[in-house]
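Trainee: Could we go through this model together, with a reason behind each answer?

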Amino acid sequence: MDRKKKFNVTGVCIPAKHYMVDISEKLERVVHEYIEEGKYFVIHRARQYGKTTMLYLLGQRLSGQYLVLDLSFEAADDLFVSQYTLAAGLVRRIYRELKRQNVNGRVLDVWKVPVAEQFPFEDLSERITELCGTFKNRLVLMIDEVDKSSDNQIFLSFLGLLRNKYLEQQKNRDDTFYSVILAGVYDVKNLKMKLRQDGERKYNSPWNIAADFSIDLGFSAAEIATMLYAYEADYKTGMDVEEIACLLYDYTEGYPYLVSRICLLADERVAGSSEYPEKSGVWTKDGILAAIRLLLKEKNTLFDSLMGKLHDDPELKDMIYRLLFQGQDIFYSADHPAIDMVLTFGFAKVKGEVLVIANRIFETRLYNYFLTLPKVQMTEVYQAGGELKNQFFQNGRLNMRLVLEKFVAYFDEIYGERSERFLEEEGRRYFLLYLKPIINGTANYYIEAETRGRERTDIIIDCKGEQFVIELKIWRGNAYKERGEQQLLDYLSYYHVDKGYMLSFNFNKKKRVGVQEIRMGGKVLIEGVV
């Protein structure tokens, strides 16, 4: 049998070597809507979002129809010392690209000559003019990792050169690249350039000629399925491809790295373990959840990048905290630097008019970060949950009612007399602090995005084949009058469960603290009130 492909999360994905999502429709859109129209544009997405692979596949797709110069500024800091070093470096790299594609020797000769020490950018510009005049309307320039040295006046000057040539070409006064594609994390249309030693920064628009790039590089569930079908054709595990694709999408929102990383962990780490000795057992809901638990515990370049931003930016960290624990609506503003940073690095996305955490994986990782800080693990409530952990698992099953009973008793004793504001802003965080050491390493949990807010948050726990749905709710006034039988039935029906759990933070002075069981319509609600 031929050597099978692998899932890949490092560098570019190669169709002949790696299991890949079929993004051919996206590629065709890029070609027809942007490149054939001669547009200059920026593919700016969060880290490890498939930009490099997109450029590689575009280069393959355009081969023969266009002459593509595929460059990268990865590890190119030495190019940005001066205009001369950048011009000389680009001349060398373009020469290599032309030679690789067997371009006529007379054309190559122009790019062998050293760059002029005086006016190096003019020299570079003239060479581009001659090259593009030779390959009229056929030359496409692609530069990956374009923001590696974006905080640099030399880079700004380079963008200015390309922009000026583009504008002159529109007037039929110059020849330049037919289409230019820049790829990076930042949108270089709105770069913040450091131009002075005193740290003053200002915005510039060196790339205001660029068209907006609106194609979503994230994967849909249907696109994820194309990768799984290819894997299934090789291994015949018997997986329900559509179900697993939807599960992967539910946890990742189609973030390319996360989709591929979960699949890689399932295939190479979970498969062959004592719990999942055969591949057929891995490609199930429980097997994928096991891979997700591994992902959430590991260090990788994507998580390191995200957490590094939290450490470096207190305002961003505070914004994430308020989204997670206080259910605050943070409205999108294109002019707010912290919001721009949250979106640029993929922490969050805009839904409607407000920010939401980008996906369940990021959300759970961020919860884990805030809930397992050293100072947090020293709190009484975290330690209380950990000390009682063994009581909550009986015959291998989680006793969620007992968790509620113990938490309600503990919370009422320690925090029951705190102010209404304390309960509203900290109550849910304290329950999660109590819950975290109990389920750590044995269960997956996430917050239901549709219900997260100040008044209500739903926690979903998947533990050893069972699913527990816990609604955390803030009651104002008489809970029993407000709740109503139909509301509870709708809540349980929404999650397709016969038993649900509710933790109510009740501000009524006459409330009855404790846990009770409510039965109605053939369903059961276990409610704890504090």
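Mentor: Let us fix one term beforehand: a residue is buried when its relative accessible area is under 20%, exposed when it is over 50%, and partly exposed in between, with a 1.4 Å probe and protein chains only. This is a predicted model, in which local features need pLDDT of at least 70 and side-chain atom pairs count only at pLDDT 80 or more, while totals for chains, interfaces and linings use all residues. Residues are numbered from 1 along each chain as its sequence is written, and side-chain values use heavy atoms, with hydrogens and water left out.

Trainee: Is Cys13 buried or exposed?

Mentor: The relative accessible area of Cys13 is 14%, and the limit for the lower class is under 20%. Cys13 is therefore buried.

Trainee: How many disulfides does a search of the whole structure find?

Mentor: A disulfide requires a pair of cysteine sulfur atoms within 2.5 Å. For Cys13, the closest cysteine sulfur belongs to Cys263 and lies 12 Å away, which is too far for a bond. Over the whole structure, the number of disulfides found is zero.

Trainee: How many of the residues of H15 are buried?

Mentor: Helices are DSSP runs of H or I with at least four residues, strands are runs of E with at least two, and both are numbered from the N terminus. Helix H15 covers residues 360-371 and reaches 16 Å from its first C-alpha to its last, close to the 16 Å expected at 1.5 Å a residue, where the expected span is 1.5 Å times one less than the number of residues. Its buried residues include Arg360, Glu363 and Arg365 alongside Phe362 and Leu366. The helix is largely enclosed by the rest of the structure, because the buried count is twelve of the twelve.

Trainee: Which residue caps the N-terminal end of H15?

Mentor: The cap rests on a side-chain oxygen that lies 3.1 Å from the backbone nitrogen of Ile361. The residue that supplies this oxygen is Asn359.

Trainee: Which residue meets Arg100 in a salt bridge?

Mentor: A salt bridge places a side-chain nitrogen of Lys or Arg within 4 Å of a carboxyl oxygen of Asp or Glu, and the structure holds 22 of them. The partner of Arg100 lies three residues away in helix H3 (residues 83-100), about one turn of the helix. Arg100 counts as exposed at 54% relative accessibility, whereas the partner is buried at 10%. With 2.9 Å from N to O, that partner is Glu97.

Trainee: What is the N to O distance between Lys165 and Asp174?

Mentor: Lys165 counts as buried at 1% relative accessibility, and Asp174 counts as buried at 19%. Their side chains meet in a salt bridge, with an N to O distance of 2.9 Å.

Trainee: Which residues are linked with Arg401 in a network of salt bridges?

Mentor: This is a network of salt bridges rather than a single pair, and Arg401 is one of its members. The residues linked with Arg401 are Glu405, Glu517 and Arg519.

Trainee: Which strands stand at the edges of the open sheet of four strands?

Mentor: The order in this sheet is E1-E4-E3-E2, with parallel pairing. Each edge strand has a single partner strand, so one side of each is left without a neighbour in the sheet. The edge strands are E1 (40-44) and E2 (67-72).

Trainee: Which residue in E4 stands opposite Ile43?

Mentor: Two strands pair if DSSP finds at least two bridges between them, and E1 pairs with strand E4 (residues 179-184) in the parallel sense over five bridges. Opposite Ile43, the residue in E4 is Ala183.

How values were computed. A polar contact is a pair of N or O atoms within 3.5 Å; within protein, one must be able to donate a hydrogen and the other to accept it, and residues adjacent in sequence count only if both atoms are side-chain atoms.
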